[in-house]
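Okay, thanks for coming, everyone. Let me put this one up on the screen and talk you through a few side-chain contacts.

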Amino acid sequence: MLIFNLLPNKRILFADDYNVMKNPKPYIFSFFLFFFCLMQAQQIELSDYFHHEVEKKELSQHQKEQLLDSLLQQNRIKIDTLQLIKIYRSFVLDIGFSNLQKSIHYAEQIEKIASLSQKFAHEDVQKNHRNWMILLYKDQQFYQAIQVGETYLQRYPEKNKYLGIVYRQLGNTYSDLGDFQKAIANYDKSLYISKLFNNDKDLLRTYICKLETLVDLYDESNSKKILEIEAKLKELKETENLSYTNEFALSLNLGVFYDYRKEYETAISEYKKAYELSKKNNDTLDMAGSLLNLSSIHKNNGNIQESKAYIQEVSKLIDDDYELNAVMANNLADIYQLENNHQQALIQYQKAITQALKIETLDYQTLPNFEAIEFSPNKLDILGYLIDKANGWIAYHEAENNDTYLQYALETFTLADKLIDVIYVESREDLSKLFWRKKSATFYPKAVEVCYRLQQPEKAFFFMEKNKAMLLLENMTDATAKRLSKLPENVLIREQNLIKEIKTLESEIQATSNTKSAAITTLKNKVFNRKNEYSAFIDSLEINYPKYYTYKKNINIVALSDVQKQLQKDELILQYIVGKENGFVALITADNIQLQQLPQTEILHNRIETYKKAVSKPQVNTSDKKEYEKSAWQLYQQLIPFAKETTIENKKITIIPDGMLQYIPFEALLIDSKKYLIEKAQIQYNYSLSSAAQSQQNNTKISKNFIAIAPTTFKNEQFYTLETSSEELKKLANIFDANHFQHEKANKAQFTSAYGNYKIIHLSTHGGIDNTVPWMAFYDEKLTLDELYFTKNQADLVVLSACKTSDGELKKGEGVMSLARGFFNAGAKSVVSSLWDINEKASTEIIQEFYKNIVAGNTKSEALQKAKIAYLQNHKNTSEASPYYWSALTLTGDETPIKIPKNSYVYYILGGILLSGIIVFIRFRKKYKKRTEQTPKTYE
């Protein structure tokens, strides 16, 4: 289902720019003078002659163009460049949208003349530049429009009201490309300029454009922003008269917003208001758009006949408008689907796709060529139609039980996946990419479901991988690309500084409580400028360092066969995907892959919540213990439904969780009434197998072994003293001959300077989450997740002995945004982190034992397993044996051993003693030899 949400404002040409040139005042000349000039064969000024002929003969537009072309071929014609620019400007204004290619051609001619004559400062040239960008946008040449807009901003940096128009148009272009965060940033800049010049008219228009983008980007977190814009627009309406287009756009977008919120009465009221406005202005396309939304909302509420009636009205209004025909076909397909007329539904879904592509209708069993989709300006709409069509094939299969229909569904999902990759790559902002990751997460579980029904677990593996941590994989690939292409150090430092500035400014905005303050506006402007600078910087890298660009584009999804080649006989992988309705788990071994369905998502979520609640608190009574045991045993059976077929005892298990599963420890699941899973198997986690494979490419050699940073006490009095940290450091000194920093030496600067130079980094401190942003404390200040993104590190292991370092906001289709993930993003190969507020004493005990096992040569997963089992044995039959104390610490990432000499300082001492012994021995031998040489030899 697709709701019509086309903003009429974006279809308006030029607004304030188009003015007096509609009817240029004619120049009046004496015919005698003109004739005399001709007779004297003197040079004639082009503009004078052109206007004289136009006035005399009342030429058509086409004849004007022919006349100008003929005059430009004459040698005796004198050309005044500014006057020629004015003529071309009049052509653009007269032709407008009726022939976009012609209008764009003449706009480009003006730009060429301005470039040759260097007359960029002239008002007509500036106006043309703005109009040129809008014409390109209207012709759906989005990237060219952005390039022209960016050139304008560089050429005319002086602040004036027209600058706000350019920023708004850039926002419209980015919005249509699906890069919503860039769109919002440009709208905010436009709003700032309009406020600066008290330009309420443009302020109002930009608010409406921003409203549409926020509605397109809709989730619950945007509701507050949308309601604030609605309130501001009501204020502006009191002093500023709304044009029809603005008023229509406002009603239509508010209708969509309240539709999403399921406030249907308000939504219907707004849609009807939009319809009445368009009807009053006899705008058939806008009438059709309003009626389509009314049809959609009635269909969603089960009022099929009323929905059909609106569709009938729409069909009378639209003729060859491809976009509206596509929306109408898609809505009609939804109606057929509800009526169980699946074949007709698929025919209409196909029509929606072909109309959006502007190609001839194909047989509904045939998919369009990917190249046609890849270069279409309507990729966002087409993606929705493809997903709807794939779901239509699934519904057809359920009705007819024909597996061929499932195969069609799988092919359609595969095409949708390729398309979303293109849209994702075209988005430059991480927040926009996260939006498209969330969008893709709506269909990857359905694709896996199709694979499950078709018994194609190998194909299911691909979709499961695509559903996880793609942004992390992209960032890791980018880091590898920089290393392989050998980017100069100064380039890397510049990038790091730019990212640092952006993240720091964004953190300041988040920390500022008064969102209406002038300080917020200033900070947003700084962020906008830095992001533009960063985008230009990345563009320059891709041009100046082609190897870097080649490596960067090579974002690889690991093949199942490659994964299986790496697995030993005692290793297996459990990979999960959890959709809105159903979830699945794949069990992967060296020679096999099995796929099983999980319980319905709602039931599974409830059981996960019950288990999480039970496992993350101390067991203080029998009731707590029984609650935990029941949930841990039930969840084990549901999450690992392979026990009867495949033994997991004495295995190394890698778990790739999804959704809510990322918040729980599998170690504490009960495989029977008494045994924890950790007692039977080594366990490690990963964000995805593709990111794990990418991480293995980072082989930077690090000479230093270990560093521990433990503030113990804190400058900020809100943090209590960590009593066990000092004792912890003393014990670490017995394991590693290493650097240890405590109290005021354990500051943020110390961490930053040391980070990246050690194989193992141990951090023992406070951690937490503020407004969804994870942090950990040093002696002097906090380090946030955002700040980790501009650090670089190749540590084999980072141990975060702090609270909630695996916790964070769950981004659908991407994963939990935790500190642990931040360290991976920075380049660490593995991280030990915590799922909840850990017990300081218990975690210290486990980590000390873990390090002893690491030094003994154990793999990381084996080392942690042994440490937890030792803890359980040491606290057997006590309340401290409950999973709350030991299961919060988990290992994510690479599990290979770390080669570190045990007590290396002892080896230095022993080496010194040995060396001294050798020296003494050599000296003794020399003296002995000399003495024997001096003694006379005797013979028998």
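Before we start, a quick bit of vocabulary: a residue is buried when its relative accessible area is under 20%, exposed when that is over 50%, and partly exposed in between. And keep in mind that this is a predicted model.

So take glutamate 627: its relative accessibility is 29%, so we call it partly exposed. Its salt-bridge partner is lysine 617, with the closest N and O atoms 3.9 Å apart. That pair links distant parts of the chain, with glutamate 627 in helix α30 and lysine 617 in the loop between α29 and α30, 10 residues apart. Lysine 617 is partly exposed too, at 27%.

How many salt bridges does a search of the whole structure find? It's 35. Another one joins arginine 453 and glutamate 449, at 2.8 Å from N to O. Those two are four residues apart in helix α22, so about one helical turn separates them. Here glutamate 449 is buried at 8%, while arginine 453 is partly exposed at 31%. Both also belong to a network of salt bridges with shared partners, together with Glu398, Lys446 and Glu581.

Okay, on to the aromatics. The whole structure has 34 aromatic pairs. In one of them, phenylalanine 719 and tryptophan 775 have ring centres 5.4 Å apart and planes at 40°, so that pair counts as tilted. Phenylalanine 719 sits in the loop between β8 and α32, tryptophan 775 in strand β12, 56 residues apart. Both of those residues are buried.

Last stop, the surface: Lys195, Lys225, Lys232 and Lys524 make up a positive patch.

Technical notes:
Residues are numbered from 1 along each chain as its sequence is written. This is a predicted model: local features need pLDDT of at least 70, side-chain atom pairs count only at pLDDT 80 or more; totals for chains, interfaces and linings use all residues. Side-chain values use heavy atoms; hydrogens and water are left out. Patches are made of residues with over 30% relative accessible area and no salt bridge: like charges are joined within 9 Å, nonpolar side chains (Val, Leu, Ile, Met, Phe, Trp, Tyr) within 5 Å. Accessible areas come from the Shrake-Rupley method with a 1.4 Å probe; for residues, only the protein chains shown count as cover. A salt bridge is a side-chain nitrogen of Lys or Arg within 4 Å of a carboxyl oxygen of Asp or Glu. Lys and Arg count as positive and Asp and Glu as negative; His and the chain ends are not counted. The place of a charge is taken as NZ of Lys, CZ of Arg, CG of Asp or CD of Glu. Rings of Phe, Tyr and Trp (its six-membered ring) pair if their centres lie within 6.5 Å; planes under 30 degrees apart count as stacked, over 60 as edge-to-face and the rest as tilted. Buried means under 20% relative accessible area, exposed over 50%, partly exposed in between (1.4 Å probe, protein chains only).
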